[in-house]
Amino acid sequence: MTASRRDARHVRLEALHQANAADLLSFIGRRVRTPADAADVLSETFVVAWRRVDRMPLDPERARMWLFGVARRTLANLHRSTARRDALTARFGEYLRTLPPDEPDDVSLEVRSAIADLPDDQAEIVRLVLWDGFAVIEAAQVLGIRESTARGRYQRARLRLREALGHTAPTGALRS
Amino acid sequence: MDDLDELVRGAAPRGLGDETGAADRARFLAQTVAIESKGVRPGNRLRKVFAGFAIGIGIVGIGVTAATAGPSMLAWVGWAPEAAVQRSFSIVEGDTTCQVVARVLPEYRNVSDAEADRRTAEARVFLTQLDWDRAVESITIAEVDAAYAREQERRAPLIAEAESTGATPPPAVSRGLVAADLMAERIQSAFHDGGYLRQGTSLEMAAECAGTPDGGAR
């Protein structure tokens, strides 16, 4: 890769990080045990993305999905290794710890429990689509699977959730 | 969106990135990693991201380059804008001329592709036909100063953290770029009031400010 191409990629990656930093933080925050852990994962995600900048897709939307894919793999690695904590990341973690705790109501707790009871691959696609706001085709890119696989997985997850939560809808049973 | 979608969405843990201070720190962390990875200090450049209702707006402010209308403007922004507005401000640092350019893009999520295309086409007509000069003429210098003070206050904890941790502080912000942000916010508000900020459509904007030592036109 020529120097100018590499420079262009660096500029694009920096812009990609800036544009998606808040969404990445929310994405990671929903998948770690304590908010403070999100600072570590976010920091490591940025570092890994820089290391792999040559693999960043040229298409902006695909680049965004690629970045969330990096974050997913970093989350997985968190459980296998201790993330590097520099002073800034530690301070960020302290800040996140000061935020008011998430206090879900009973219905939300039941929904979250139903999602957690799904097979992992189904639970994750539900989170990606309904919590993180990705379209199914985008979720497929984040997960590195075919769109048809993602659609099937998502439909099966919805069927299970509808069955599990049929009595939960505030206005009565969910329509089937 | 059906009742199951609504139920599950309503149960989502709150987004840490929705909290302003946390989002600022996340972007600051991104900048710090970028500096470490590239081995260079940041230039005179500021990037800001605003999140509106179901859309993302990226503001790219680039200082010290000449502000000119016409094709050269496309070079600095990197894409072909569908609308552009320019205004000069007489601020503490001197006269500055800011340009904001915008375009509408479809967002193929949560609505059908055809509906996203239809909404985008409607928004594009609105973008290209509205009188943006009128939309930004009401911005006052006092408003710029107040927004600048708020921006300084917002950045203060990040600068303090940079000093205490040895990280590179966030790039300086100028009144000119704050003025450009206000111009962009006016455009965003007009879109919101017109009912065009909705699922299926995104509005992308970029801003550039440059000093005009000879006073420039107002």
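**View 1. Buried and exposed faces of helix α5(A).** In this helix, A:V111, A:A114 and A:I115 are buried, where buried denotes 20 or more other C-beta atoms within 10 Å of a residue's own and exposed denotes 12 or fewer, with C-beta atoms placed from the backbone. Seen down the axis of α5(A), these buried residues fall within an arc of 100°, so they line one face of the helix, the arc being that of the directions from the helix axis to the C-beta atoms. The face turned away from that buried side carries the exposed residues A:D106, A:L109, A:S113, A:A116 and A:D117. The model is predicted, and local features need pLDDT of at least 70, side-chain atom pairs count only at pLDDT 80 or more, and totals for chains, interfaces and linings use all residues. Residues are numbered from 1 along each chain as its sequence is written, and chains are lettered from A and ligands numbered from 1 in the order in which they are written.

**View 2. Packing around α5(A).** The buried residues of α5(A) pack against α6 and α8 of chain A together with α1 (3-10) of chain B; helices are DSSP runs (H or I, at least four residues) numbered from the N terminus.

**View 3. The side of chain A that touches chain B.** Here 49 residues of chain A are in contact with 41 residues of chain B, contact requiring C-beta atoms, placed from the backbone, to lie within 7 Å. Helices α1 (3-29), α2, α4, α5 (106-117), α6 (120-131) and α8 (147-164) of chain A each supply at least two residues of this side, to which α1(A) gives the most, with 13 residues.

Notes
Two residues are in contact if their C-beta atoms, placed from the backbone, lie within 7 Å.
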